[in-house]
Amino acid sequence: MDKVARAENAAGKTVRPKILERRFLLPFALVALLFPLWGFANDVTNPLVRAFKDIFLITNAQSSMVQFAFYLGYGIMAIPAALFIRRFSYKAGILLGLALYAIGALIFLPASIFQEFNYFLIALCVLTCGLALLETTANPYILSMGDPETATRRLNLAQAFNPIGSLTGMFVASTFILNKLQVEEFRATERAAHPEYADQLPSVVDGKLTQALQDFSVNNPAAFEAMQAADLVTVRGPYLTIAIVVALLFFVFLLAKLPKTMSHDNPLTVGETGATFGRLLTNKRYVEGVITQAFYVGAQIMCWTFIIHYGMTVLGLSASEAQGYNMIAMVIFLASRFICTFLLGFIRPGNLLMVLALAGIATSAGAVFLDGMAGLYSLIGISACMSLMFPTIYGIALKDLGDDASLGSAGLVMAIVGGALMPPLQGSMIDAAPILGSIPSVKTSFLLPLLCFVVIAIYGFRAHHVHKA
């Protein structure tokens, strides 16, 4: 807390530090515009896991490579990004991040022309290299815009704009991708041609519809290839649009004047960088935060990606209908983010993180063991528990790191690679035989997020009762 914040007013009362000082209002607003960008990219991409499964006729494990490629970019770029912004500036990091974001989105054009699944994976990886730069830059930059005591609340406020991008991405995916896919029209036509499907389990019907699509690709290859080409054109549309938006933002930041809040008194040398990482590795609160962040991101991506599989396989919903419930989950996430940011003014971050993680364990169990819509509602409810977690883990882990926060941020952003590692594992569980008797494998796969919330609850407890001391 700075001297001003510690000062007492004329009445003898301690002046509480502000979340955001007047001089940072405009820079904060400008940087906060970046937060919806990775929310949009994440949630316009999630439905592609299911869409590509039908378009390219691949397994759940193979289609989940979409998430592997998407989050691999964070693992590749996080540390180079931190070194880059430490060597140059936060503004330079933002500009390079926006450039890579736009280039990755533009690669969707040749990927759709060549109709090659791996090209889409490359495009997503390049795009998220840009996102890694943006997150590595924006999060510590927001933390640095004011008093350290209010840093976590300030980051939660900025992160509250992230779900706006997520909701936009979900709306675009539902309206302009899932509702326009010819493979979805094929499934609807096939379902209408077989009224007996109404009396069968949704998981059984889903398997038969997938088999019918595979038979169609064998018996009518030319028609299937035309359908595939049309659907890939549909998929690329939103990415080309966001490339234009990101390019415009690039020029806005290029012309903008942003305050310098990071010290460059010490030159960035190999020895100095090694010493910084050495300090970080001896900081238990930071190291545990990186590990916990990986589990959180894995849980978030699994819950938001496979809700479509859950709705289609367990309840017999269409992809668009299942995505509608995903949008409801995001609205709940957004509302909960603002509520939890308010509660942080009264409850210690670690304690609130622990309570929400325990609620995440309960709702994950509901998604596995409750039948029908109750299970789906439990899955939606997980989003209310997750709303606080990313920025709070981030803020706790980076507390009191000073200039080391720029490199420390790299580890926390690199931890987002948890979103690359866990969805393929969940996809493999969905493809495998049920492990809990008659409970469908798509339901039991949500035991993975449950385990992630156990890790988060432990970190919240340690942050409040151990590291605080």
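What radius of gyration would a compact globule with 469 residues have, and what does the protein chain have? A compact globule of that length would come near 23 Å, and the protein chain has 23 Å, which agrees. Keep in mind throughout that this is a predicted model.

**The whole chain**

Begin with the C-alpha trace of the protein chain, which spans about 80 × 45 × 40 Å along its principal axes. Switch to a cartoon view, and the protein chain shows 25 helices and zero strands. If you draw the accessible surface of the protein chain, it comes to about 18,800 Å², of which 67% belongs to carbon and sulfur atoms. Colouring by burial next, you will find that 55% of the 469 residues count as buried. A contact map is also worth opening at this stage: among contacts between residues at least 6 apart in sequence, 82% join residues at least 24 apart.

**The nonpolar core**

In soluble globular proteins, nonpolar side chains tend to be buried together. Here the largest nonpolar core holds 147 residues, and the members to select are L34, F52 and Y101, which touch the most other members. Then highlight helix α9, residues 117-143, since the largest share of this core, 15 residues, comes from that helix.

Centre the view on Y101 and display its surroundings. Leaving aside neighbours within four places in sequence, Y101 is in contact with L37, F40 and A41, with L127, G130, L131 and L134, and also with I242 and V246.

**A buried lysine in helix α4**

Move now to helix α4, residues 48-55, and select K53 within it. Does K53 turn out to be buried or exposed, and which side chain of opposite charge is nearest? K53 is buried yet has no salt bridge, and the nearest side chain of opposite charge, that of D54, is 4.5 Å away. When residues up to four places away in sequence are not counted, K53 touches L48, I58, T59, N60, S63 and T210.

**The salt bridges**

A search of the whole structure finds four salt bridges. Select D206 and R50 together: these two form a salt bridge whose closest N and O atoms are 2.8 Å apart. D206 lies in helix α13, residues 202-219, and R50 in helix α4, so the pair ties together parts that are 156 residues apart in sequence. Both partners are covered by the protein, in that D206 counts as buried at 11% relative accessibility, while R50 counts as buried at 3%.

Keep D206 selected and add R187, because the side chains of R187 and D206 also meet in a salt bridge, at 2.5 Å from N to O, and R187 counts as buried at 4% relative accessibility. This pair links helix α12, residues 182-192, where R187 sits, to helix α13, with the two residues 19 apart.

For the next stop, select E288 and R462, whose side chains meet in a salt bridge at 2.9 Å, N to O. E288 is in helix α16, residues 284-305, and R462 is in helix α25, residues 447-467, which puts the partners 174 residues apart. R462 is partly exposed, with a relative accessible area of 26%.

To finish, select R50, D54, R187 and D206 at once: salt bridges that share partners join these four residues into one network.

Definitions and conventions: Residues are numbered from 1 along each chain as its sequence is written. This is a predicted model: local features need pLDDT of at least 70, side-chain atom pairs count only at pLDDT 80 or more; totals for chains, interfaces and linings use all residues. Side-chain values use heavy atoms; hydrogens and water are left out. A nonpolar core is a set of buried Ala, Val, Leu, Ile, Met, Phe, Trp, Tyr and Cys residues joined through side-chain atoms within 4.5 Å. Buried means under 20% relative accessible area, exposed over 50%, partly exposed in between (1.4 Å probe, protein chains only). Helices (H or I, at least four residues) and strands (E, at least two) are DSSP runs, numbered from the N terminus. Contact means heavy atoms within 4.5 Å. Lys and Arg count as positive and Asp and Glu as negative; His and the chain ends are not counted. The radius of gyration is taken over C-alpha atoms; the globule rule is 2.2 Å times the number of residues to the power 0.38. Accessible areas come from the Shrake-Rupley method with a 1.4 Å probe; for residues, only the protein chains shown count as cover.
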